[in-house]
Amino acid sequence: MGASRELPFPAGYHHLAEQKVIGSGTAAFDAAVLHLFDWGMHRDSGLDVRAGAPKAVPGTEVELGWGIGVARLRFRCRVVYVVDEPHRRGFAYGTLARHPESGEERFIVEQLSDGTVRAAVSAFSKPGRWFTRFGGPAGRAVQNVMARRYLEALVVSVRTAR
């Protein structure tokens, strides 16, 4: 695991890449990084989060819940690496057994030289369960919607921190 560190992502998978400018300056960068690493981005995107640690660190397992009542789905992942550079922070997790998809998802917050803070969500995945194989493009559409929700959650976290 950890194949999401380098581009291009592995062949044979659906690739996702979304990015958004979320603010400007060191305070915006710090707020977004904190919200990412403490699972706030996931919670504010509408997911129930049960993590093995309060912060995302390598080896942390996280169970994400999505849906309502008996229609609630649970997805388990494990943080496979952390990016910890002065102006670029983030992590990636890989899916675990019984996850609807098989692959990795990477979350990065970076501060550019002009102070602009940008967040990116990228992933490679393929169906991991019968219902995602059967659902075809619907699974990819949900993944794209969630990536945009993650980015918007970071925008809100930066605005709130001001």
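This report describes some strands, a helix and a few single residues of one structure, which is a predicted model.

**Strand β5 and its neighbours**

Strand β5 covers residues 88–95, and six of its eight residues are buried, so the strand is largely enclosed by the rest of the structure. It pairs with a strand on either side in the sequence, as the table sets out.

| Strand pair | Sense | Bridges | Residues between the strands |
|---|---|---|---|
| β4 (residues 73–85) and β5 | antiparallel | eight | two |
| β5 and β6 (residues 101–111) | antiparallel | seven | five |

Both pairs form hairpins. Single residues show how the strands line up. Between β4 and β5, Arg78 has Gly94 as its bridge partner. Between β5 and β6, Arg89 stands opposite Val109. The turn that links β5 to β6 contains Arg98, which has a positive phi of about 75 degrees.

**Helix α4**

Helix α4 runs over residues 137–161, which is 25 residues. How far apart should its ends be at 1.5 Å a residue? The expected span is 36 Å, and the end C-alpha atoms are 37 Å apart, so the two values agree.

Several residues of α4 are buried, among them Gln143, Met146, Ala147, Tyr150, Leu151 and Leu154. The buried set also includes Ala153, Val155, Ser157 and Val158. An α-helix has 3.6 residues a turn, so residues three or four places apart point the same way.

**A nonpolar patch**

Trp66, Leu73 and Val142 make a nonpolar surface patch of about 220 Å². Trp66 belongs to strand β3, which covers residues 61–66. Is Trp66 buried or partly exposed? Its relative accessibility is 32%, so Trp66 counts as partly exposed.

**Two backbone details**

The peptide bond between Leu7 and Pro8 is cis, with an omega of about -5 degrees. Pro8 sits in the segment before β1, the strand of residues 14–24.

Trp39 is found in the loop between α1 (26–37) and α2 (40–44). This residue has a positive phi of about 70 degrees, although it is not a glycine. At 1% relative accessibility, Trp39 falls under the 20% cut-off, and therefore it counts as buried.

Notes. Residues numbered from 1 in each chain as written. Predicted model: local features only at pLDDT ≥ 70, side-chain atom pairs only at ≥ 80, totals over all residues. Heavy atoms only, no water. Buried < 20%, exposed > 50% of the residue type's maximum accessible area, 1.4 Å probe, protein only. Helix = DSSP H or I, 4+ residues; strand = E, 2+ residues; numbered from the N terminus. Pairing = 2+ DSSP bridges. Expected span 1.5 Å × (residues − 1). Patch = residues over 30% accessible without salt bridge, like charges linked within 9 Å, V, L, I, M, F, W, Y side chains within 5 Å. Areas by Shrake-Rupley, 256 points an atom, 1.4 Å probe, with all protein chains shown as cover. Salt bridge = Lys/Arg side-chain N within 4 Å of Asp/Glu carboxyl O.
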